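Student: I am new to this structure and should like to understand the terms used to describe it. May I ask, step by step, what justifies each of them?

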Amino acid sequence: MKTNLTLTIAILLVSASLSKAQEIQTLFKPGKSGGYGAITNSFTSIDGNFANQVGVYGGWYINSKLLIGVGAKAVTNDIPVLPRYSTIPGVNMSYAYGQFGGVTEYVIGSNRAFHVGLHLFTGAGFTAQYERRNWDSDHDIDESNLDENFFTVVEPGIEVELNLLKWMRFATGVSYRAAFGSDAPGLSDNDLSNISYNLTLKFGKF
């Protein structure tokens, strides 16, 4: 009887050991994920003119370290088109600018009151011309005169982040927007590429 009991216990111990050894190890641990959204304002320069950009982004926040998401932002102020590049001769035109694509952030020391984050945007950018004084008008716009232009944008950056509340954070930082493939008259890749200074509020489960 003792032999059978000993054998049974030994079998159970071996089985438990094998079961533990065969547990699947994963990168993303259960209960360690969250998510957040952000609104951001950026100060930069396009074609030598000051540009104010407003944007939003958000996504899945993994292990309190890595955000994987999407985002978009656009210029809100007037960026004048030089007369020689205007798609409508004799009319004062402005450039519209926007970008949209994937966003990743890697946060170092997320639970500390102050910490550092690395930010990366990769996606598409676009420009177009429009007559600003008619922005809110009801008349039809000739779309053939918009001079729409699409290109690639890569924007890495670094930010310092402050935990205001458990569900809200404030970040400020700097990034560099690099454009590739622009063919708009008067807007080369170099004209579209520049440093941005960013202010951001984040809301969610961190």
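Tutor: Let us begin with the surface. The accessible surface of the protein comes to about 12400 Å², and carbon and sulfur atoms hold 63% of that area. Please keep in mind that this is a predicted model.

Student: How many of the residues are buried, and what makes a residue count as buried?

Tutor: Buried residues make up 36% of the 206 residues in the protein. The word applies to a residue with under 20% relative accessible area.

Student: Which helices and strands does the protein have, and in what pattern?

Tutor: There are two helices and eight strands. Along the sequence they follow the pattern α-β-β-β-β-β-β-β-α-β.

Student: What do the eight strands form?

Tutor: They form a closed barrel, running β1-β2-β3-β4-β5-β6-β7-β8 with antiparallel pairing. From one strand to the next, the twist averages 25°.

Student: How do you know that β1 and β2 pair?

Tutor: Two strands count as paired if at least two bridges are found between them. Strand β1 (residues 33–46) and strand β2 (residues 49–62) have 14 bridges, in the antiparallel sense, so the requirement is met. As one example, isoleucine 39 has valine 56 in β2 as its bridge partner.

Student: What makes β7 a partner of both β6 and β8?

Tutor: The same test of at least two bridges applies. β6 and strand β7 (residues 168–180) pair over eleven bridges in the antiparallel sense, and β7 and β8 do so over ten bridges, also antiparallel. Isoleucine 158 has valine 174 in β7 as its bridge partner, while tyrosine 176 has isoleucine 195 in β8. In addition, a hairpin of two residues joins β6 to β7.

Student: Why is the contact between glutamate 105 and lysine 202 called a salt bridge?

Tutor: The term requires a side-chain nitrogen of Lys or Arg within 4 Å of a carboxyl oxygen of Asp or Glu. Here the closest N and O atoms are 3.0 Å apart, so the pair qualifies. It links distant parts of the chain, with glutamate 105 in strand β4 and lysine 202 in strand β8 (residues 194–205), 97 residues apart. Both glutamate 105 and lysine 202 are buried.

Student: Which salt bridges does glutamate 161 form, and how do you know that they qualify?

Tutor: With arginine 169, the closest N and O atoms of glutamate 161 are 3.1 Å apart. With lysine 202, the N to O value is 2.4 Å. Each value is within 4 Å, so each pair is a salt bridge. Glutamate 161 lies in strand β6 (residues 149–165) and lysine 202 in strand β8, so their pair ties together parts 41 residues apart in sequence. Arginine 169 is buried, as is glutamate 161.

Student: How many salt bridges does the structure hold, and which residues are linked in a network?

Tutor: The structure holds five salt bridges. Glu105, Glu159, Glu161, Arg169 and Lys202 are linked in a network of such bridges.

Student: Why is the pair of phenylalanine 100 and phenylalanine 126 called tilted?

Tutor: A pair of aromatic rings is described by the distance of the centres and the angle of the planes. Rings pair if their centres lie within 6.5 Å; planes under 30 degrees apart are stacked, those over 60 are edge-to-face, and the rest are tilted. Phenylalanine 100 and phenylalanine 126 stand at 6.4 Å centre to centre with 45° between the planes, so they form a pair and it is tilted. Phenylalanine 100 lies in strand β4 and phenylalanine 126 in strand β5, so the pair ties together parts that are 26 residues apart in sequence.

Student: Are these two phenylalanines buried or exposed?

Tutor: Neither word fits, because partly exposed covers the range between under 20% and over 50%. Phenylalanine 100 has a relative accessible area of 40%, so it is partly exposed; phenylalanine 126, with 29%, is partly exposed too.

Student: Where is asparagine 111, and why is it called exposed?

Tutor: Asparagine 111 is in the loop between β4 (94–108) and β5 (114–130). Its relative accessibility is 71%, and exposed means over 50%, so the term applies.

Methods
Residues numbered from 1 in each chain as written. Predicted model: local features only at pLDDT ≥ 70, side-chain atom pairs only at ≥ 80, totals over all residues. Heavy atoms only, no water. Helix = DSSP H or I, 4+ residues; strand = E, 2+ residues; numbered from the N terminus. Buried < 20%, exposed > 50% of the residue type's maximum accessible area, 1.4 Å probe, protein only. Axes fitted to C-alpha atoms, helices over the stretch in contact; angles between N-to-C directions. Areas by Shrake-Rupley, 256 points an atom, 1.4 Å probe, with all protein chains shown as cover. Phe/Tyr/Trp six-rings, centres within 6.5 Å; stacked < 30°, edge-to-face > 60°.
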